[in-house]
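Me: I've got a model open and I'd like to talk through how some of its parts sit together. Shall we go question by question?

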Amino acid sequence: MKRLSLQWRITLLTALLIACACVCMNLLLYRTGVTGMDALNGFMMQYQPGSADSLTIEIPQEEMSSLLAHFSQEVYDAKVVFGRKGWCITAVVTILSAAIAYFVSGRALKPLQQLAQQAQRVDQDSIATVRLDEDTVQEFGQLSRSVNRMLDGLAQSFELQRQFAGNAAHELRTPLAILQTKLELFAEEHPAMDAETAGLVSSLREQLDRLTALVHTLLEMSNLQSVSRTDQIALAPLVEEILTDLTSLAQKNNISLQQDCAELGMVGSDALIYRLVFNLVENGIKYNRPGGAVRVTLRQEKQTAVLHVADTGPGIPADCRDSIFQPFFRVDKSRSREMGGVGLGLALVREIAVLHGGGVTVESSSENGTTFVVTLPLVQPC
């Protein structure tokens, strides 16, 4: 059956369905007709021609008209019953045929449903590994092969893009380091420079710091696949360490840090998970209101660690919530530059979460604050 094309499958199944429906209708209608005829036959006396005795039926003249009228009524009633039963049989057979056709067509189109389910699993993160099944009916097999070739090309393009970003960032490190060194030496050799020159040097150093941070993040993103992910990570102490490291920044911005974390463990890269949580908490501190708070909670749901990072900031606009994890995207570009951001913090968070088999989303956001939720596969500590 698998070797037949979808067109032949539907053709044969439709022909079989029509044949079964016609046979059922013929049998039922024949049975209904026979029942009506038997009813009329029972109304009249049956005479056997081969009988030895002669049969004489005498009907008085005054009763003949009544007999004929009664017989006519019986014939009319039999026709009405036959018609009603015929329509009922047609309706029942039609409904049953439609139900059977629904399930039969569903079975015939099952390869299409499987193909759609496989295609839904393809995204930017799984494009290098997920492929459509080519061992299916002829039409879908050809489509699957075409889509797989397209996915191979896209995966290669993404990999080349990643390599280019990594190579470009690597090449930029040296000239940026040289420029930064020269500016520092110039500032040390000319302590009595005028205000205009000092302002220019300060501006150049700020821009070099931003470029250096950008290059560093690009290198991290391009090298994520090569990082070992075999560390046994205790998540609660990791969160506590991050909050301790960010205490000075929180105090500077008048932000209180809170945590409520269960003792959970997982296997992965300690450095990458640290960076994931660090970026979320740091963003919560930077993009918050004075006197606000950042709360980190960690709970277990089945075999998954669920991390919530909630702040009391101004929130994220609804039309930006699907875009904030894209590289270089900023909700408020002017404020992000003031904070020294390069637009890659949340993109890196998403990459790290997906790399560990998890994900990150904006659970809620309003003028009272934003809550990010991170899911990571859980492994109980030994």
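Reply: Sure. One thing to settle up front: a contact here means heavy atoms within 4.5 Å. Also keep in mind that this is a predicted model.

Me: Good. How many helices and strands does the protein have?

Reply: Some background before the count: buried residues make up 30% of the 382 residues. Of the contacts with a separation of 6 or more, 70% come from residues 24 or more positions apart. As for the elements, the protein has 10 helices and seven strands.

Me: Let's look at helix 6 and helix 8. Which residues of helix 8 does helix 6 meet?

Reply: Helix 6 covers residues 235–245, and helix 8 covers residues 270–286. From helix 6, the contact takes in Leu-235, Leu-238, Val-239, Glu-241, Ile-242, Leu-243 and Asp-245. By class, this contact has 10 nonpolar, no polar and three charged residues. On the helix 8 side, the residues met are Asp-270, Ile-273, Tyr-274, Val-277, Phe-278 and Val-281.

Me: And how are helix 6 and helix 8 oriented to each other?

Reply: Their axes are 10 Å apart, and the crossing is right-handed. The packing angle is about 50°. That puts the two helices in the class oblique.

Me: What about helix 10: what is the handedness of its crossing with helix 8?

Reply: Helix 10 runs over residues 345–355 and packs on helix 8 at an angle of about 145°, with the axes 9 Å apart. The contact includes Leu-272, Ile-273 and Leu-276 from helix 8, and Leu-346, Val-349 and Ile-352 from helix 10. By class it has 10 nonpolar, three polar and one charged residues. The crossing of these two helices is left-handed.

Me: Ile-273 keeps coming up. Is Ile-273 buried or exposed?

Reply: Ile-273 lies in helix 8. Leaving out residues up to four places away in sequence, Ile-273 touches Ile-233, Leu-235, Leu-238, Met-266, Ile-352, His-356 and Leu-376. With a relative accessible area of 1%, Ile-273 is buried.

Me: How far apart are Ile-273 and His-356 in space?

Reply: His-356 is among the residues that Ile-273 touches. In sequence the two are 83 residues apart. In space, C-alpha to C-alpha, the separation is 8.9 Å.

Me: On to the rings. How many aromatic pairs turn up, and why is the pair of Tyr-274 and Phe-278 stacked?

Reply: A search of the whole structure finds two aromatic pairs. The ring centres of Tyr-274 and Phe-278 are 5.8 Å apart and the planes lie at 20°, so this pair counts as stacked. Planes under 30 degrees apart are what that class asks for, and the angle here is 20°.

Me: Which of the two, Tyr-274 or Phe-278, counts as buried?

Reply: Both lie in helix 8, four residues apart, about one turn of the helix. Tyr-274 has a relative accessible area of 21%, which leaves it partly exposed. The limit for buried is under 20%. At 18%, the residue that counts as buried is Phe-278.

Me: And the pair of Phe-325 and Phe-372: how far apart are the parts it ties together in sequence?

Reply: This pair is edge-to-face, 6.2 Å centre to centre with 85° between the planes. Phe-325 is buried at 12% relative accessible area, and Phe-372 is buried at 8%. Phe-325 lies in the loop between strand 5 and helix 9 and Phe-372 in strand 7, so the pair ties together parts whose separation in sequence is 47 residues.

Methods
Residues numbered from 1 in each chain as written. Predicted model: local features only at pLDDT ≥ 70, side-chain atom pairs only at ≥ 80, totals over all residues. Heavy atoms only, no water. Phe/Tyr/Trp six-rings, centres within 6.5 Å; stacked < 30°, edge-to-face > 60°. Buried < 20%, exposed > 50% of the residue type's maximum accessible area, 1.4 Å probe, protein only. Axes fitted to C-alpha atoms, helices over the stretch in contact; angles between N-to-C directions. Left-handed = near helix turned anticlockwise from the far one by under 90°. Nonpolar A, V, L, I, M, F, W, Y, C, P; charged D, E, K, R; others polar. Parallel < 35°, antiparallel > 145°, perpendicular 65-115°, else oblique.
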